[in-house]
Amino acid sequence: MKLLALPPSVDVRFVTAVLLVMGLSTPGQAEIISLDSSNIDDVLNNAGVALVNFYADWCRFSQMLHPIFEEASNIVREEFPDTKQVVFARVDCDQHSEIAQRYRITKYPTLKLFRNGMMMKREYRGQRSVTAIADFIRQQQVDPVKELPSVEEINSVDRSKRNIIGFFENKDSDTYRTFEKVANILRDDCTFLAAFGEVSKSERFSGDNVVYKPAGEAIPDMVYLGSLTNFDLTYAWTQDKCVPLVREITFENGEELTEEGIPFLILFHLKEDTESLEKFQHEVARQLISEKGSINFLHADCDKFRHPLLHIQKTPADCPVIAIDSFRHMYVFPDFKDLNVPGKLRQFVLDLHSGKLHREFHHGPDPTDSTPGQEETGGEAASSPPESSFQKLAPSETRYTILRRDRDEL
C-alpha cells in the first residue's frame with residue numbers, strides 16, 4: 001500500500017478532518033444530540049449553554065464540520081461533564097425545515113449558541129477547528145459577573161462603559177441567580193458587577209437592588225423597580241439599558257444584524273454629524289418605541305457605506321439620508337427635514353408593515369381617495385397622483401453582497 005506524501009504546508013488538522021469524513025479514522029464517542037420538533041425545546045431549555053450545528057447533508061462544508069464538531073464535543077465533555085451545563089446538538093435542516101425556518105437559518109453549516117433556551121444574537125463565526133470551538137465554549141463558561149470587594153471599587157467603576165451593578169445580601173439567593181442568568185445572556189452588551197454583604201449594605205435599604213450606571217459621568221443612575229425573582233421582567237429592563245435603541249451598523253456586525261431577521265431603518269450620516277444622529281435618536285424614541293422588535297433602528301457612516309448609498313441614488317454629499325432596507329428593496333424617506341413633523345417617521349414605518357411601500361415600489365403611488373362620480377376641482381378630469389412617500393429604486397442586492405463589496409474596496 002502506497003502512503004500519500006503531504007507537503008509541509010498542509011494543516012494536519014485539515015487532513016485529520018478529511019480522513020474522518022472519508023471514514024479512514026475514527027473519533028472518540030461523541031455526545032451530539034440530534035434535535036427535532038419533539039425534543040428541541042426540552043433540550044435547549046434545560047441546557048446552560050448549547051451549541052447547535054444546523055447542517056444539510058448535501059453541503060460539503062457541513063460534511064467537513066461533522067468530525068470537527070464531534071471532537072470538540074469530546075474535549076468539552078471531559079472538562080464540563082455535567083450534561084446540562086454544556087450541550088452539543090445538531091439539526092438536519094432538510095429533515096426539519098420548520099426548525100430551520102424558526103431560527104432563520106439561511107446558510108450551512110450555521111453554529112448557533114443558546115443559553116437556557118434563548119438563542120443568542122451572536123452566532124459562532126470563529127475558525128472551524130477543534131481548538132477554536134472548544135475555546136469558544138470555555139469562554140462562555142467564564143463568570144460574566146465581576147465581584148466588587150470594596151465600596152471604593154463601587155465608586156470607581158469605569159463610566160465609559162454601560163454598567164449593571166447588583167447589590168445582594170449573598171450569592172446563594174434567587175435574586176442573584178436571576179441576575180447571573182441575565183448577565184450570561186447580555187454579557188457582550190454590558191459590564192455586570194455585583195457586591196455582597198457589608199460592601200453592598202448601603203445600597204440595600206429596601207432589599208437586594210440592581211442599578212444601571214450608563215456611560216458618561218453626567219448621566220444619572222437608574223434603579224430597577226421590578227421583582228428580581230422575575231426573570232422576564234429583569235431581562236427586559238436590563239436589555240433595554242444594555243442594547244441601545246439606535247445601534248451602529250458596521251462591516252463587523254452587518255451580517256449579525258441581518259440574521260435577526262427584521263428590516264432596517266437606517267440613518268446614513270457623516271461621522272462628524274452628531275447633531276443629525278441625535279435628532280434621529282430622539283424621533284425614534286418619540287415616535288417608534290412601540291415598533292421595537294419589528295424593525296431595527298440603525299445608523300451608518302456615509303463614507304464607509306458608499307455603495308448602499310449609490311444603490312439608492314445618493315452620495316455622502318446628500319447625507320443625512322434615512323432609508324428602510326426590507327432585504328428585498330430599499331425605500332428612501334422623502335426629506336430628512338421632515339423628521340420633526342409629528343408622525344411622519346412613524347407613518348413611513350407603518351407603510352412598510354402595511355405593504356404600501358412595496359406596492360407603490362412596483363405599481364407607483366396609490367390613487368387618491370375620491371367619491372365615485374365626484375368631479376375633480378380645478379376643471380380637469382384627472383390630476384397627477386400625489387408624490388409617493390418614498391423614491392422608487394432599483395431592487396436592492398442582498399445585504400451580504402453589499403457589505404462584502406464595500407469591505408473589499410475600502
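**Note on the helix pair H7/H8 and the environment of Ala89**

1. In this predicted model, helices H7 and H8 cross with a right-handed sense. The residues at the contact of H7 with H8 comprise 4 nonpolar, 3 polar and 1 charged.

2. Helix H7 spans residues 174–185 and helix H8 residues 231–242; their axes lie 10 Å apart and form an angle of about 45°. An angle of this size falls outside the ranges for roughly parallel (under 35 degrees) and roughly perpendicular (65 to 115), and the two helices are therefore oblique to each other.

3. On the H7 side, the contact is formed by Thr178, Lys181, Val182 and Ile185. Their counterparts in H8 are Phe231, Thr234, Tyr235 and Thr238.

4. Ala89 is located in strand S3, which covers residues 86–92. Because its relative accessibility is 0%, Ala89 counts as buried, the cut-off for that class being under 20%.

5. Beyond its neighbours within four places in sequence, Ala89 contacts Ile32, Ile33, Leu35, Leu51, Val52, Asn53 and Phe69. One of these partners, Ile32, is separated from Ala89 by 57 residues in sequence, yet the C-alpha to C-alpha distance is 5.0 Å.

6. For the chain as a whole, 14 helices and 15 strands are assigned. Of its 410 residues, 46% are buried. Where contacting residues are at least 6 apart in sequence, 75% of the contacts join residues at least 24 apart.

7. The accessible surface of the chain amounts to about 22,100 Å², and carbon and sulfur atoms account for 51% of that area.

Notes:
Residues are numbered from 1 along each chain as its sequence is written. This is a predicted model: local features need pLDDT of at least 70, side-chain atom pairs count only at pLDDT 80 or more; totals for chains, interfaces and linings use all residues. Side-chain values use heavy atoms; hydrogens and water are left out. Axes are lines fitted to C-alpha atoms, for helices over the stretch in contact, and angles run from 0 to 180 degrees between N-to-C directions. Helices (H or I, at least four residues) and strands (E, at least two) are DSSP runs, numbered from the N terminus. Angles under 35 degrees count as roughly parallel, over 145 as roughly antiparallel, 65 to 115 as roughly perpendicular and the rest as oblique. A crossing is left-handed if the near helix is turned anticlockwise from the far one by less than a right angle, and right-handed if clockwise. Contact means heavy atoms within 4.5 Å. Ala, Val, Leu, Ile, Met, Phe, Trp, Tyr, Cys and Pro count as nonpolar, Asp, Glu, Lys and Arg as charged, and the others, Gly among them, as polar. Buried means under 20% relative accessible area, exposed over 50%, partly exposed in between (1.4 Å probe, protein chains only). Accessible areas come from the Shrake-Rupley method with a 1.4 Å probe; for residues, only the protein chains shown count as cover.
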